[in-house]
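Dear colleague,

I am passing on the structure we spoke about, with the sequence alongside. Please open it first, and then read on for what was found in it.

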Amino acid sequence: MPVRRLITLSAFALLLPFAATACSMSGDGYSSECTVSGCTVTFDRGVNAKASVLGIDAELVAVDGDMVTLKIGGQNVTVPVGQSQESNGTDVRVTEVTDQKVVVVLNSGLTPN
């Protein structure tokens with residue numbers, strides 16, 4: 001596990017008890033909501049969107065039917081809707097694809113107490 005990711009995950013786990021709600025962020029073409037167990041990223045379709053969550057850059061590259069190609073930490077991974085794939089030590093699951101959005105869950109590998 002890369003040192004930067006380990007530091008980010010450790011800090012996230014230590015600071016989470018002080019947060020009253022989940023961490024939410026948004027940017028051009030994406031929104032994300034994170035908890036200790038991971039982040040849900042919703043990408044808008046038809047835009048070039050890139051999110052940075054858990055110290056990892058995630059980008060929607062393409063959608064072909066039920067197959068979604070993402071760039072996770074610089075590595076392309078193709079994930080069928082409803083399934084998971086591992087990429088750079090991160091579990092990547094595509095939960096929903098519509099003509100408006102693509103919803104992806106990045107698992108941090110941590111579990112809440």
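To begin with a single residue, is Cys 39 buried or exposed? With a relative accessibility of 1%, Cys 39 counts as buried. Please keep in mind throughout that this is a predicted model, and that the values below are computed from it.

**The disulfide**

Cys 39 is joined to Cys 34 by a disulfide, with the two sulfur atoms 1.8 Å apart, and a search of the whole structure finds 1 disulfide. Cys 34 is buried as well, its relative accessible area being 6%. The torsion about the S-S bond of Cys 34 and Cys 39 comes to about 110 degrees, and the disulfide is therefore right-handed.

**The six-stranded sheet**

Strand 2 covers residues 30-35 and strand 3 covers residues 38-44, and a hairpin of 2 residues connects strand 2 to strand 3. These two strands pair in the antiparallel sense over 6 bridges, and within that pairing Ser 32 has Val 41 of strand 3 as its bridge partner. Strand 3 also pairs with strand 10 (residues 101-107), again antiparallel, through 7 bridges, where Asp 44 stands opposite Lys 101 of strand 10. Of the 7 residues of strand 3, 5 are buried, which means that this strand is largely enclosed by the rest of the structure.

Both pairings belong to an open sheet of 6 strands, arranged in the order 1-2-3-10-9-8 with antiparallel pairing. Strand 1 (23-27) and strand 8 stand at the edges with a single partner strand each, so one side of each has no neighbour in the sheet. From one strand to the next, the twist averages 20 degrees. As general background, strands of a sheet pair through backbone hydrogen bonds, either parallel or antiparallel.

Further along the order, strand 9 (residues 90-97) and strand 10 run antiparallel and are joined by 6 bridges, with Val 94 having Val 104 of strand 10 as its bridge partner.

Which residue of edge strand 8 might you look at, and is Ser 87 buried or exposed? Ser 87 lies in strand 8 (residues 84-87) and, at 0% relative accessibility, counts as buried. Leaving aside residues up to four places away in sequence, Ser 87 touches Ile 72, Gln 75, Val 77 and Val 92.

**The salt bridge**

A search of the whole structure finds 1 salt bridge, in which the side chains of Glu 96 and Lys 101 meet at 3.9 Å, N to O. Glu 96 counts as partly exposed at 31% relative accessibility, and Lys 101 likewise counts as partly exposed, at 29%.

**The four-stranded sheet**

There is also an open sheet of 4 strands in the order 4-5-6-7, with antiparallel pairing. Strand 4 and strand 7 stand at its edges, each with a single partner strand, so that one side of each is left without a neighbour in the sheet. Neighbouring strands of this sheet are turned against each other by 30 degrees on average, direction ignored.

Strand 6 and strand 7 run antiparallel and are joined by 6 bridges, and Lys 71 stands opposite Asn 76 in strand 7. Asn 76 counts as partly exposed, with 46% relative accessibility. Its contacts, not counting residues up to four places away in sequence, are Val 61, Thr 69, Leu 70 and Lys 71. Asn 76 and Asn 88 are 12 residues apart in sequence, and their C-alpha atoms are 9.9 Å apart in space.

**The nonpolar core**

Which residues of the largest nonpolar core touch the most other members? Among its 22 residues, these are Phe 43, Leu 70, Ile 72, Val 104 and Leu 106. The elements giving two or more residues to this core are strand 2, strand 3, strand 4 (50-53), strand 5 (56-64), strand 6 (67-72), strand 7 (75-80), strand 9 and strand 10.

Leu 106 is a useful residue to display, and its contacts, not counting residues up to four places away in sequence, include Cys 39 and Val 41, Val 53 and Leu 54, Ala 58 and Ile 72, and Thr 90, Asp 91 and Val 92. Cys 39, the buried residue with which this message began, is thus found again among the contacts of Leu 106.

With best wishes

Technical notes: Residues numbered from 1 in each chain as written. Predicted model: local features only at pLDDT ≥ 70, side-chain atom pairs only at ≥ 80, totals over all residues. Heavy atoms only, no water. Buried < 20%, exposed > 50% of the residue type's maximum accessible area, 1.4 Å probe, protein only. Pairing = 2+ DSSP bridges. Contact = heavy atoms within 4.5 Å. Disulfide = S-S within 2.5 Å. Axes fitted to C-alpha atoms, helices over the stretch in contact; angles between N-to-C directions. Salt bridge = Lys/Arg side-chain N within 4 Å of Asp/Glu carboxyl O. Core = buried A, V, L, I, M, F, W, Y, C linked by side-chain atoms within 4.5 Å.
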